[in-house]
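Trainee: I am new to this structure and should like to go through it step by step. May I put my questions to you in turn?

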Amino acid sequence: MSRQSKVPVFSCLLICILVTIPGCSVDSEQHTALVRRQIREVLEVPSYEHIYREVIYLGKENTFLGFRTLDQRLLFAVDMRVQAGIRLDRGFDLRLRGSNRIEVLLPAAEILLIDADEESIEQFFLLERGDSITHTEYYDEIELSKDEVREDAIRRGILRKAEENAQTLIRGILSGAGYKEIRFISSGEKESGA
């Protein structure tokens, strides 16, 4: 089960950047370079996240000569946070295209983080005969479930939402800096020369 939530889109960052931009004309290359540098300082724009309540079952059983020597069963739940966004260090650039027009080259959105909240672990059932279940076994099962959580988040559109939110953030910064026409180019368009 997934709860979706928007990560705050760095309003404080936007205000700080706009306050530090000097009174250059909008079409100056120096002004564009300053805006480019200030956006790059962010490096990662985590712009969307999903929170999953993952239910995990662990079962082990061994027998020797028909006798059960090991019987371990564990059912628990854990909250997992999946965060997506744009890594600006992977191909971000600004290109000035005349007075008040700018093109923004953006790399594709990607999963930035999948993290389990250990404090959220809730145990529903535990059976330990023959040996105890270790903390390492808990963590191994959580690690194994991360791939499934990643795929589900991608299927639900987390990358598309992260890209939309990153564009909104960058559009706000550039609009505040005086650019009227802002065009976003994805990494695929950049490679084809569009």
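Trainee: Among the contacts in the protein with a separation of 6 or more, what share is accounted for by residues 24 or more positions apart?

Mentor: The model before us is a predicted one. The count takes the contacts in the protein whose separation is 6 or more. Of these, the share belonging to residues 24 or more positions apart is 76%.

Trainee: In what order do the elements run from the N terminus on?

Mentor: The protein has five helices and seven strands. Read from the N terminus on, their order is β-α-α-β-β-β-β-β-α-α-β-α.

Trainee: What percentage of the residues is buried?

Mentor: A residue counts as buried when its relative accessible area is under 20%. The protein has 194 residues, and the buried share of them is 41%.

Trainee: How is the open sheet of three strands ordered, and which are its edge strands?

Mentor: The open sheet has mixed pairing and the order 4-5-7. From one strand to the next, the twist averages 20°. Each edge strand pairs on one side only, and these strands are strand 4 (93–96) and strand 7 (181–186).

Trainee: Which helix lies across strand 4, strand 5 and strand 7?

Mentor: The helix in question runs at about 145° to strand 7. It comprises residues 158–176 and is helix 4.

Trainee: In what sense do strand 4 and strand 5 pair, and over how many bridges?

Mentor: Asp93 stands opposite Leu105 in strand 5, and Arg95 has Glu103 as its bridge partner there. The hairpin of strand 4 and strand 5 has four residues between the strands, and Gly98 takes a positive phi near 95° in this hairpin. The two strands pair in the antiparallel sense, over four bridges.

Trainee: Which side chains of strand 4 are buried?

Mentor: In a regular strand, side chains alternate between the two faces of the sheet. Strand 4 shows this alternation: Asp93 and Arg95 point to one face and are not buried. The buried side chains, which point to the other face, are those of Leu94 and Leu96.

Trainee: Is Glu103 buried or exposed?

Mentor: Glu103 lies in strand 5. Leaving aside neighbours within four places in sequence, its contacts include Asp93, Leu94 and Arg95, as well as Arg183 and Ile185. The limit for a buried residue is under 20% relative accessible area. Because its relative accessibility is 13%, Glu103 counts as buried.

Trainee: How many residues apart in sequence are Glu103 and Phe184?

Mentor: In space, the two residues are 5.9 Å apart, C-alpha to C-alpha. In sequence, the separation of Glu103 and Phe184 is 81 residues.

Trainee: Which residue meets Glu103 in a salt bridge?

Mentor: The partner lies in strand 7 and Glu103 in strand 5, so the pair ties together parts that are 80 residues apart in sequence. At 38% relative accessibility, the partner counts as partly exposed. The side chains meet at 3.0 Å, N to O, and the partner of Glu103 is Arg183.

Trainee: What is the distance between the closest N and O atoms in the salt bridge of Arg101 with Glu181?

Mentor: This pair links distant parts of the chain, with Arg101 in strand 5 and Glu181 in strand 7. Arg101 is partly exposed at 38% relative accessible area, and Glu181 is partly exposed at 48%. The closest N and O atoms of the pair are 3.8 Å apart.

Trainee: Which residues are joined into one network by salt bridges that share partners?

Mentor: The structure holds 11 salt bridges. In one of them, the side chains of Arg53 and Asp79 meet at 3.1 Å, N to O. Arg53 lies in strand 2 (residues 44–64) and Asp79 in strand 3 (residues 67–87), so this pair ties together parts that are 26 residues apart in sequence. The residues joined into one network are Arg53, Asp79 and Glu122.

Trainee: Which residues make the nonpolar surface patch of about 300 Å²?

Mentor: One member, Phe124, lies in strand 6 (residues 110–129). A patch residue needs over 30% relative accessible area, and Phe124 is partly exposed at 46%. The patch is made by Val55, Phe124 and Phe125.

Key. Residues numbered from 1 in each chain as written. Predicted model: local features only at pLDDT ≥ 70, side-chain atom pairs only at ≥ 80, totals over all residues. Heavy atoms only, no water. Patch = residues over 30% accessible without salt bridge, like charges linked within 9 Å, V, L, I, M, F, W, Y side chains within 5 Å. Areas by Shrake-Rupley, 256 points an atom, 1.4 Å probe, with all protein chains shown as cover. Salt bridge = Lys/Arg side-chain N within 4 Å of Asp/Glu carboxyl O. Buried < 20%, exposed > 50% of the residue type's maximum accessible area, 1.4 Å probe, protein only. Contact = heavy atoms within 4.5 Å. Pairing = 2+ DSSP bridges. Axes fitted to C-alpha atoms, helices over the stretch in contact; angles between N-to-C directions.
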